[in-house]
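Open your viewer and keep the selection box handy. We will walk from the overall layout to a few side chains worth a closer look.

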Amino acid sequence: MVRSEEDLGPPWLRPLLGTSFFVACRQHPELSKNECNLFCLSCTGDALCAYCVPDHRDHHVVQIRRSSYHNVIRVSEVGKLIDISHVQTYVINSAKIVFLNGRPQARPGKGVTNTCEICCRSLPDSFRFCSLGCKLGGMQWDPSLTFAIRPKRGPGSGDDGSGSDDSFSPKKPRRLEHGRFDRSGIRWSDDEGSKYHNGPMTPGTPPINRCRPSRRKGIPHRAPFYG
């Protein structure tokens, strides 16, 4: 079954995934801090810098960030626009994010039981895709997948408004051997929106030994006898 373009997400999604970010703005080459890290969902044109924003004042502009040289977007921005269920989320700098495009792995690590259905990146068992682009690729052959926002559940259901299905989110951070987190320094996110700081786990500082070593006593000498 071949799905139409309308069934494969909003019209701005494909342009967003194919845009080059973090390059110098061609409209403002003479200005400093002209890095393009913004995207207008209304125009779906090239990436924007901060000096371009006034021309898009009444448009929907989102900010793109980077993690490990890959483009990411915060769930708080994109989760209100599309359904990101089945896509792995991460927590970086206390904010939940998703990657825009896949990050292929040539060879999964030992003990890996689940990988992205498109780029084969290692994933927790609760997810099918590592990025929005990979989910878009999976929609080509799986008609059950959609980016359409599902109706919000009632109060007390635990819905965080991100458009994700809670049944496909891990309940705990995924730990590796000896209780450490993923080597990339990014910890798995959980359903409760817990705030984790980015960076690998580091051992705690050992306690300082404040006890001074006792001095070794010298050899006792007896007083001489006098006749």
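Colour by secondary structure and follow the chain from its start: the pattern reads α-β-β-β-β-α-β-β-α-β. That gives 3 helices and 7 strands, where helices (H or I, at least four residues) and strands (E, at least two) are DSSP runs numbered from the N terminus. This is a predicted model, in which local features need pLDDT of at least 70 and side-chain atom pairs count only at pLDDT 80 or more, while totals for chains, interfaces and linings use all residues. Residues are numbered from 1 along each chain as its sequence is written, and side-chain values use heavy atoms, with hydrogens and water left out.

Next, show the surface. The chain exposes about 15,100 Å², and carbon and sulfur atoms supply 51% of it (Shrake-Rupley method, 1.4 Å probe). Of the 227 residues, 39% count as buried, meaning under 20% relative accessible area with a 1.4 Å probe, protein chains only.

Now hide the surface and select Ile73, Val78, Ile82, Val98, Leu100 and Leu132. These have the most contacts inside the largest nonpolar core, which has 38 residues. A nonpolar core is a set of buried Ala, Val, Leu, Ile, Met, Phe, Trp, Tyr and Cys residues joined through side-chain atoms within 4.5 Å. The elements giving two or more residues to this core are α1 (13–18), β1 (38–40), α2 (75–78) and α3 (132–138).

Which residues does Ile73 touch, leaving aside its neighbours within four places in sequence? Its contacts (heavy atoms within 4.5 Å) include Val62, Ile64, Val98 and Leu132. A second, separate core of 5 residues includes Val72, Ile92, Ile97 and Phe99.

On to the rings: the whole structure holds 2 aromatic pairs, that is, rings of Phe, Tyr and Trp (its six-membered ring) with centres within 6.5 Å; planes under 30 degrees apart count as stacked, over 60 as edge-to-face and the rest as tilted. Select Phe21 and Phe39, an edge-to-face pair at 6.2 Å centre to centre and 70° between the planes. Phe21 lies in the loop between α1 and β1, and Phe39 in strand β1, 18 residues apart.

Then pick Tyr90 and Phe99: their centres are 5.3 Å apart and their planes at 90°, so this pair is edge-to-face too. Phe99 is buried, with a relative accessible area of 1%, and Tyr90 is buried at 3%. Add Arg103, whose charged end sits over the ring of Phe99, 3.6 Å from its centre (CZ of Arg or NZ of Lys within 6 Å of the ring centre and within 35 degrees of the ring normal).

Notes:
Buried means under 20% relative accessible area, exposed over 50%, partly exposed in between (1.4 Å probe, protein chains only).
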